[in-house]
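Trainee: Could you take me through a close look at one single part of this structure, and then connect that part to the rest?

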Amino acid sequence: MRAEDLPLVRAWRNHPAVRQHMFTTHEITAEEHAQWFQRQQADATRRLYLFERDGRPQGFMHLSGVQLGGVCEWGFYAAPDAPRGTGRAMGAATLAELFTVEQVHKICGQVLQGNAASMRFHETLGFRPEGVLHQQHCSTDGRHLDVHCYGLLAADWRASQTG
Ligand SMILES: CC(C)(COP(=O)(O)OP(=O)(O)OC[C@H]1O[C@@H](n2cnc3c(N)ncnc32)[C@H](O)[C@@H]1OP(=O)(O)O)[C@@H](O)C(=O)NCCC(=O)NCCS
């Protein structure tokens, strides 16, 4: 992701279909978004990817804690108008990059209660469910939502690639 991609990524992030599943759900201003982008540059373990297919941007992937042999965490969203299968393609491409180029040991994802697409997305990519943090997240409307934790080890991913 480059600075010129900021408006597009902010539009996706603020779309209700995306925003409703995030840990923070307020509408993000251009200034807040630019400051967030600036902060990411200061952390060498972060990666921001714009996922493209057929030359068209179709999704965003954020990674933290990326280092050799490390445990990293991802967060992502597909463009709200992206075709079905986009999430899976973006996820698979990111796993290949993280496990072969960056050589991390493990990737983790956290999914808020009610986000069936993301739970299925993780399972379909080979992640194991690692537990539920019950009523861990307080939403803006005052509800306490469960957080579902997923993890994928490099060894398990490698085994899945060889069939
Ligand atoms: C999560 C997300 C990236 C998945 O991308 P996608 O392009 O919709 O997903 P895909 O079409 O690649 O499908 C992946 C799997 O999820 C399933 N799926 C997709 N939408 C679904 C839905 N609404 N309910 C249940 N399962 C769903 C698909 O059937 C597929 O499973 P399969 O392999 O068994 O067929 C996308 O829905 C998204 O951006 N959601 C909003 C933001 C978000 O939730 N981000 C993640 C926060 S943890």
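Mentor: Asp54 lies in the loop that joins strand S1 (47-53) to S2, where helices (H or I, at least four residues) and strands (E, at least two) are DSSP runs numbered from the N terminus. Residues are numbered from 1 along each chain as its sequence is written, and side-chain values rest on heavy atoms, with hydrogens and water left out. This is a predicted model, in which local features need pLDDT of at least 70, side-chain atom pairs count only at pLDDT 80 or more, and totals for chains, interfaces and linings use all residues.

What is the phi of Asp54, a residue other than glycine? Phi of Asp54 is near 50°, a positive value. That deserves attention because most residues other than glycine have a negative phi. Asp54 has a relative accessibility of 74%, and therefore counts as exposed, a word that stands for over 50% relative accessible area, with buried meaning under 20% and partly exposed in between (1.4 Å probe, protein chains only).

A second residue invites the same kind of look, namely Gln135, which is found in strand S5 (residues 128-138). Phi of Gln135 is near 45°, again positive in a residue other than glycine, and because its relative accessibility is 54%, Gln135 counts as exposed. A positive phi also turns up in a glycine, for Gly126, which follows H5, has a phi near 100°.

That brings us to H5 itself, where Ser118, Met119, Phe121 and His122 are buried. Why do these four belong together on the same side of H5? They cover an arc of only 160° around the axis, which puts them on the same side of H5, the arc being that of the directions from the helix axis to the C-beta atoms. The buried residues of H5 pack against S3, H4, S4 and strand S6 (144-153). On the face of H5 turned away from this buried side, you will find the exposed residues Ala116, Ala117 and Arg120.

For another loop to set beside the one with Asp54, turn to the loop between H2 and H3, where Glu27 is found. Glu27 counts as exposed because its relative accessibility is 53%. Which residues does Glu27 contact, once its neighbours within four places in sequence are left aside? Glu27 is then in contact with Asn14, Arg19 and Glu32, where contact means heavy atoms within 4.5 Å. Along the chain, Glu27 and Arg13 are 14 residues apart, and their C-alpha atoms are separated by 8.4 Å.

To place these parts in the whole, consider residues 1-156, over which the chain is 35% helix and 33% strand, with the end C-alpha atoms 29 Å apart. According to an unreviewed UniProt entry, the annotation "domain: N-acetyltransferase" covers residues 1-156, although such annotations may be inferred rather than shown by experiment. When you go back to the structure, you might begin again at Asp54, in the loop between S1 and S2, then follow the chain to H5 with its buried Ser118, Met119, Phe121 and His122, and end at Gln135 in strand S5.
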